[in-house]
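Please look over the structure shown below before reading on. The report is meant to be followed with the model open beside it.

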2 protein chains.
Amino acid sequence: MSLKHALLGLLAEGPASGYELTKRFELSLANVWSAKHSQIYPELRKMAAEGWLVAGEEGSRGRKEYVITDDGRAELRRWLVEVRPERAGRNESMLRVFFLWTLDPAEAVAYLEREAAAAHAYVERLTALDALVAWDESGADFMGRLALEEGLLIAQVQAEWAEWAAEQIRSGRDATTLTGRRRRPPTKRQR
Amino acid sequence: MSLKHALLGLLAEGPASGYELTKRFELSLANVWSAKHSQIYPELRKMAAEGWLVAGEEGSRGRKEYVITDDGRAELRRWLVEVRPERAGRNESMLRVFFLWTLDPAEAVAYLEREAAAAHAYVERLTALDALVAWDESGADFMGRLALEEGLLIAQVQAEWAEWAAEQIRSGRDATTLTGRRRRPPTKRQR
DNA sequence: GCTCGACATGTCAAGCGTTACATGTCAAGA
DNA sequence: TCTTGACATGTAACGCTTGACATGTCGAGC
């Protein structure tokens, strides 16, 4: 149900066509949300009917540009400040961990090591992206970079966790004898 | 598409009815996956038709118990070792961060502080759960506890990130002047 | 002049997931 | 005895998402 709000957020930066919005999902937002044109085009029409957007006249090649309305901005704001985000309901990679006991220990270790490698690769990807982007002083870039940083931190923790978990299995432990979890120090609130 | 495999994984521990499996999703798996009985019952019938399960005869109150077959175990194994988990396509809370620039800085800070508090609360919940569970030496408990630990680490990082991000906004920074990111040391591979 | 690829929009079928509706059994306790 | 709540299963409508199919325009380069 967040597609509408993702579109409102993108259109808050300025008018855009369905095609351009589709590209935004493939590029800047790819790590955070996804949507195909087949969903975006009908959705934009619904949002226009709702009064959150208005469509400009057709440009060349049938291009249709949408502009966010005050109602649209109000809805975006309402969503941000009033609707509590729900804690992730689904996490496929954690689900898999629950069932690793059905494999041989060596296979489970191999699985976790591949996960660690994938997380490392993702860290590399995000780091490269961060270096590549010509960040400016806009609010949008500011928030984009903060979000990228969050993704980076989480991927790093996932990599470390997977290596630790693999080591636990390798050394023949069980749920009652886990060792050396790098629990972070009891979080100090800043200020 | 993982519901089938989640059910296979649960049934790998032993026979169960749709009702019991529904409870498992509400309890042990709640932080990782969700499914309602209205989806589970039809899915079990499809999986039995597929040959992954067999249904026992009806018990009292119409209870139907399903048992995993060798084909079912093979499919679970195939999913675990051959199918690469896809990197999370959707993350609503990160999506929201992208659009925080549309709010006043003070509101954005308040938003992030609420997120930090929510993450802290979740850490507490998981910590309490970890202390409450009577972990045994089974493989299932071992993997369950490893997964719980992963959730804990991620929630801790999220809390720290949100506090750091709020501080960045409070001190009037932008994408070109971020400070003090607690980047973890370049990951040392264990052994 | 033609061809190719990016630009640009659209529909449709099928699968996944949630909510609401619907029904019936059994055991415990008042 | 009756009521209540946990046990237990099911269907139907609706919304979200994907993948496949479909169509057409415009500019660059051969």
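The text that follows takes up the surface around one DNA strand, then the relation between the two protein chains, and lastly a set of paired strands in chain A.

**Surface around DNA strand D**

This is a predicted model, and every value below is computed from it. There are 19 residues around DNA strand D, and those that come nearest are Met1(A), Lys36(A), Tyr19(B), His37(B) and Lys64(B). By class, the surface near this strand is made up of eight polar, seven charged and four nonpolar residues. On the DNA side, 66% of the atoms of strand D that lie within 4 Å of the protein belong to sugar or phosphate, the remainder being base atoms.

The table lists three side chains together with the part of DNA strand D to which each distance refers.

| Side chain | Atom of DNA strand D | Distance |
|---|---|---|
| Lys36(A) | phosphate oxygen | 2.8 Å |
| His37(B) | base oxygen | 2.8 Å |
| Arg61(B) | sugar or linking oxygen | 3.4 Å |

The elements that give two or more residues to the surface near DNA strand D are helix H3 (37-50) of chain A and, from chain B, helix H2 (18-26) and helix H3 (37-50). Of the elements, H3(B) gives the most to that surface, with four residues.

**Relation between chains A and B**

Chain A is superposed on chain B by a rotation of 180° with 0.0 Å of shift along the axis, at an RMSD of 0.0 Å. The two copies are therefore related as by a two-fold rotation axis. Among the residues of chain A, Ile154(A) comes closest to the rotation axis, its C-alpha lying at 3.1 Å. Because 99% of the interface residues of chain A are also interface residues in chain B, the copies meet through the same surface.

**Paired strands in chain A**

Strand E3 (residues 65-68) of chain A pairs with two other strands. Strand E1 (residues 16-17) runs antiparallel to E3(A) and is joined to it by two bridges, with Ser17(A) having Glu65(A) as its bridge partner. Strand E2 (residues 53-55) of chain A also pairs with E3(A) in the antiparallel sense, over three bridges, and here Val54(A) stands opposite Val67(A).

Which side chains of E3(A) are buried, and which are not? In a regular strand the side chains alternate between the two faces of the sheet. Along E3(A), Tyr66(A) and Ile68(A) point to one face and are buried, whereas Glu65(A) and Val67(A) point to the other face and are not buried.

Terms used
Residues are numbered from 1 along each chain as its sequence is written. Chains are lettered from A and ligands numbered from 1 in the order in which they are written. This is a predicted model: local features need pLDDT of at least 70, side-chain atom pairs count only at pLDDT 80 or more; totals for chains, interfaces and linings use all residues. Side-chain values use heavy atoms; hydrogens and water are left out. A residue is near a molecule or strand if one of its heavy atoms lies within 4 Å of it. A polar contact is a pair of N or O atoms within 3.5 Å; within protein, one must be able to donate a hydrogen and the other to accept it, and residues adjacent in sequence count only if both atoms are side-chain atoms. Ala, Val, Leu, Ile, Met, Phe, Trp, Tyr, Cys and Pro count as nonpolar, Asp, Glu, Lys and Arg as charged, and the others, Gly among them, as polar. Copies are superposed by least squares on the C-alpha atoms of residues with pLDDT of at least 70 in both. Contact means heavy atoms within 4.5 Å. Buried means under 20% relative accessible area, exposed over 50%, partly exposed in between (1.4 Å probe, protein chains only). Two strands pair if DSSP finds at least two bridges between them.
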